[in-house]
Amino acid sequence: MAFTSPLHWQIQYLVSALTKKNSKASIAEINQLVEQFGLDARIFFLSCLITEEFYPWPHSQNQNSQKLQLLSVELSQLALKPNFVSVIVQAFDGVGKTKHSPASSDEDSAFNISASFLNNFVKILKLPLPTQLMVGVALSTSGVASESA
């Protein structure tokens, strides 16, 4: 589902403005939006988090610990659900597409996932081993991963 207008902007704003000071209120609002608008909102939210912290890769070292912690918790909780693989693949498919730039096309913003990226991704997020394996298998069997993965 392509989000238009307020929902898209609000989720993107909440993720980009997330800090330690506003995390409790922002996370509560994000959870309310995801609860209200469902799976597509969760996928978009995950794409925004991944885009904020990992796009483009290699990313600057100015990563936000609040966003990383939130992403880690979200992925760990999502790993317990039967639709984890499809959700994570769709979330990664949306990476880079949540930051709109008039000069970039979908092909320019394609996010290539390599073995090096996956290794760093799971280490930075400190994901439990079962979740690491599920992320790796999900992305390696999808069309999202690059050939070097």
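Start with helix α5, residues 84-93, and helix α7, residues 129-140: their axes come within 9 Å and cross at roughly 65°. The axes here are lines fitted to C-alpha atoms, for helices over the stretch in contact, and angles run from 0 to 180 degrees between N-to-C directions. This is a predicted model, in which local features need pLDDT of at least 70 and side-chain atom pairs count only at pLDDT 80 or more, while totals for chains, interfaces and linings use all residues. Residues are numbered from 1 along each chain as its sequence is written, and side-chain values use heavy atoms, with hydrogens and water left out.

Back to the crossing. α5 passes α7 in a right-handed way, the near helix being turned clockwise from the far one by less than a right angle; anticlockwise would be left-handed. On the α5 side the contact residues are Phe-84, Val-85, Ile-88, Val-89 and Phe-92, and they meet Met-134, Val-135, Ala-138 and Leu-139 of α7. Contact means heavy atoms within 4.5 Å. By class, that contact has nine nonpolar residues, no polar and no charged ones. Nonpolar covers Ala, Val, Leu, Ile, Met, Phe, Trp, Tyr, Cys and Pro; charged covers Asp, Glu, Lys and Arg; the others, Gly among them, are polar.

Now the whole chain. It has seven helices and zero strands, and the order along the sequence is α-α-α-α-α-α-α. Helices (H or I, at least four residues) and strands (E, at least two) are DSSP runs, numbered from the N terminus. Of the 149 residues, 45% are buried, where buried is under 20% relative accessible area, exposed is over 50%, and partly exposed is in between, with a 1.4 Å probe and protein chains only. Among contacts between residues at least 6 apart in sequence, 71% join residues at least 24 apart.

Next, the rings. How many aromatic pairs does a search of the whole structure find? Five. Rings of Phe, Tyr and Trp (its six-membered ring) pair if their centres lie within 6.5 Å; planes under 30 degrees apart are stacked, over 60 edge-to-face, and the rest tilted. One pair is Phe-54 with Phe-117, edge-to-face, at 5.9 Å centre to centre and 90° between the planes. Phe-54 sits in helix α3, residues 39-54, and Phe-117 in helix α6, residues 115-125, so the pair links parts of the chain 63 residues apart. Phe-54 counts as buried because its relative accessibility is 0%, and Phe-117 is buried at 0% as well. Ring pairs also link Phe-54, Phe-92, Phe-117 and Phe-121 into a cluster.

On α3 itself, 13 of its 16 residues are buried. Its end C-alpha atoms are 22 Å apart, which agrees with the 22 Å that 16 residues should span at 1.5 Å a residue. The expected span is 1.5 Å times one less than the number of residues.

Two residues from different helices follow. Thr-131 is in α7 and counts as buried because its relative accessibility is 6%. Leaving aside neighbours within four places in sequence, Thr-131 is in contact with Leu-75, Ser-76 and Ala-79. Gln-77 is in helix α4, residues 65-78, and at 46% relative accessibility is partly exposed. C-alpha to C-alpha, Gln-77 and Thr-131 are 9.5 Å apart, with their positions 54 residues apart in sequence.

Last, Lys-126, in the loop between α6 and α7. Its phi is near 55°, a positive value in a residue other than glycine. Most residues other than glycine have a negative phi. Lys-126 is exposed, at 71% relative accessible area.
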